[in-house]
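Please open the model in your viewer and keep the sequence beside it, so that each residue can be selected as it comes up. The tour moves from one stop to the next, with a short look around at each.

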Amino acid sequence: QARALTPQTAETDAIRFLVGTQSLRYDNQIHIIDFDDENNIINKNVLLHQVGEIWHISTSPADKGVLATCYNKTSDSKVVTCAAVWRMPKELESGSHESPDDSSSNTQTLELLCHLDNTAHGNMACVMWEPMGDGKKIISLADNNILLWDLQESSSKAVLSSSTALEGKGQLKFTSGRWSPHHNCTQIATANDTTVRGWDTRSMRQIYCIENAHGQLVRDLDFNPNKQYYLASCGDDCKVKFWDTRNVAEPVKTLEEHSHWVWNVRYNHSHDQLILTGSSDSRVILSNMVSISSEPFGHMVDDDELSDQEDQHQEEKIKEPLQDSVIATYEEHEDSVYAVEWSSADPWLFASLSYDGRLVINRVPRALKYHILL
C-alpha cells in the first residue's frame with residue numbers, strides 16, 4: 001500500500017519518481033522508479049525507510065540525493081507523525097538506466113540527515129522545499145503550526161528560524177500546503193478544513209484567506225507556475241477550483257468531473273493549461289484549462305504568412321476561443337488515486353499512484369502535445 005509520490009525535482013535529465021510505502025507489517029521502503037523512455041522500461045531500486053509508514057514525500061530542488069518524508073511512529077502507545085530529511089546512497093542519486101543485477105539484492109538504507117523536530121508542535125502534515133532555492137529552506141506544517149527551517153551544514157541539522165500558528169476555535173489542523181514559485185518565493189498557501197490561506201514567509205502573517213473554498217475538506221493545492229496570482233485547490237466536495245488570490249470572493253473556474261474526493265491537483269510545469277487530478281473514484285483526469293492559462297489564445301498566426309483564402313478561414317478560426325475541456329480520463333487504477341505528479345524531466349509525462357500500490361506512468365496524448373507545440 002502506498003500514498004506518497006514525488007518526482008525527483010533536481011533530476012531534469014532522467015525521468016524519475018519516488019514512491020513511499022505504507023505497511024504496518026513490514027519495514028517501509030522508498031521505491032526509486034526510473035522510466036526509460038526510449039525502450040518503455042521501468043527500472044526500480046528500493047531503499048529501506050526504517051521508521052514507519054510514509055504519508056508524504058518531497059525532494060530537494062537543488063540536491064538529487066536529498067529528500068524529506070513525513071512518517072508515523074509509535075511513541076508512548078500513541079501514534080505521532082514526524083518528519084525527517086534523508087540522503088540516498090551516492091550511486092542511486094542520479095537516474096540511471098541500468099537494471100540492478102539480481103546479485104545485488106541487498107536493499108540499501110536511507111541515511112538520516114536530521115529530524116525536523118516537532119514533538120512540541122504536533123503531527124506533521126507535509127514538508128515543502130523552497131522551490132527555486134538551494135535546498136536549505138524547508139517549511140513543515142504540523143497540526144496548526146507553520147514552521148520554517150534552515151538546514152545547516154550538509155543538512156545534518158535543522159534550525160527553526162520562524163513559525164506561526166493558526167488561531168481560532170476548535171482543533172485547527174493543516175491538511176496540505178504549497179510554496180509559491182513567484183514573489184521571490186516569499187509566499188505559501190495552506191489548506192485547513194474548508195479554508196485556503198496565503199502567508200508571507202518573511203513576516204509569517206496571513207495575506208489572504210478563502211473561507212469555504214470547498215464545501216468539504218480541502219485536500220490539495222498547487223500554484224500556476226506561469227501566472228503569479230493563480231492557485232488551484234481540490235477537495236472532498238469532488239470539485240477542483242481555480243482562484244485569483246487578488247480577488248478571492250469567487251473562484252475563476254470550477255471543474256466538476258470527479259465523482260468522489262479529489263486528492264490531488266497538479267499544474268504542468270511548462271504548459272500551465274494542462275491540469276492533472278486524481279481522486280478516490282479511481283480515475284486520473286487530464287484537463288485543458290486554456291482560458292485561464294498564460295496562453296489563453298494559443299498561437300496567433302502572422303497575417304503575412306497567409307493567402308487570401310486561408311486568411312478568411314484563419315480569421316474565423318481566431319474568432320472561436322479555445323474551449324476548456326477534459327482531454328482524457330485514465331482508468332487504469334482499481335483503487336483510490338492518492339497522488340498524481342508530472343515528471344520534472346519530461347513535461348509530457350506523468351505518474352499516478354493508487355492505494356493498492358499501483359504506479360501508472362502515462363503521457364499527454366500526442367495530438368494535443370503537437371497542438372500545443374506547433
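What follows is a walk through a predicted model, with a few residues to select at each stop.

**First stop: the aromatic rings**

Begin by colouring the aromatic side chains, for a search of the whole structure finds 7 aromatic pairs. Select W263 and Y338, whose rings form an edge-to-face pair, with 4.4 Å from centre to centre and 70 degrees between the planes. W263 belongs to strand β22 (residues 262–267) and Y338 to strand β26 (residues 337–342), so this pair ties together parts that are 75 residues apart in sequence. Both W263 and Y338 are buried, and you may need to hide any surface display before looking at them. Now add W261 and Y355 to the selection, and you will have a cluster in which ring pairs link W261, W263, Y338 and Y355.

**Second stop: I285**

Move next to strand β24 (residues 284–288), where I285 is placed. Is I285 buried or exposed? With a relative accessibility of 2%, I285 counts as buried, because buried means under 20% relative accessible area. Select T329 as well: although I285 and T329 are 44 residues apart along the chain, their C-alpha atoms are separated by 4.6 Å. If residues up to four places away in sequence are not counted, I285 touches E257, H258, I275, L276, T277, V326, A328 and T329.

**Third stop: T195**

Go on to strand β16 (residues 195–200), in which T195 is found. T195 counts as buried too, at 9% relative accessibility. Which residues is T195 in contact with, leaving aside its neighbours within four places in sequence? They are T190, C209, I210, E211, N212 and V218, and showing their side chains together with T195 lets you see this set of contacts.

**Fourth stop: two cysteines**

A disulfide is a covalent bond between the sulfur atoms of two cysteines. How many disulfides does the structure hold? The number is 0, but two cysteines are still worth selecting in turn: C114 is buried, with a relative accessible area of 6%, and C234 is buried, with a relative accessible area of 0%.

**Last stop: a patch on the surface**

Finally, turn the surface display back on and select Y370, L373 and L374, which make a nonpolar surface patch of about 340 Å². Y370 is placed in helix α2 (residues 366–373), and with a relative accessible area of 40% Y370 is partly exposed.

Methods:
Residues are numbered from 1 along each chain as its sequence is written. This is a predicted model: local features need pLDDT of at least 70, side-chain atom pairs count only at pLDDT 80 or more; totals for chains, interfaces and linings use all residues. Side-chain values use heavy atoms; hydrogens and water are left out. Patches are made of residues with over 30% relative accessible area and no salt bridge: like charges are joined within 9 Å, nonpolar side chains (Val, Leu, Ile, Met, Phe, Trp, Tyr) within 5 Å. Accessible areas come from the Shrake-Rupley method with a 1.4 Å probe; for residues, only the protein chains shown count as cover. A salt bridge is a side-chain nitrogen of Lys or Arg within 4 Å of a carboxyl oxygen of Asp or Glu. Helices (H or I, at least four residues) and strands (E, at least two) are DSSP runs, numbered from the N terminus. Buried means under 20% relative accessible area, exposed over 50%, partly exposed in between (1.4 Å probe, protein chains only). Contact means heavy atoms within 4.5 Å. A disulfide is a pair of cysteine sulfur atoms within 2.5 Å. Rings of Phe, Tyr and Trp (its six-membered ring) pair if their centres lie within 6.5 Å; planes under 30 degrees apart count as stacked, over 60 as edge-to-face and the rest as tilted.
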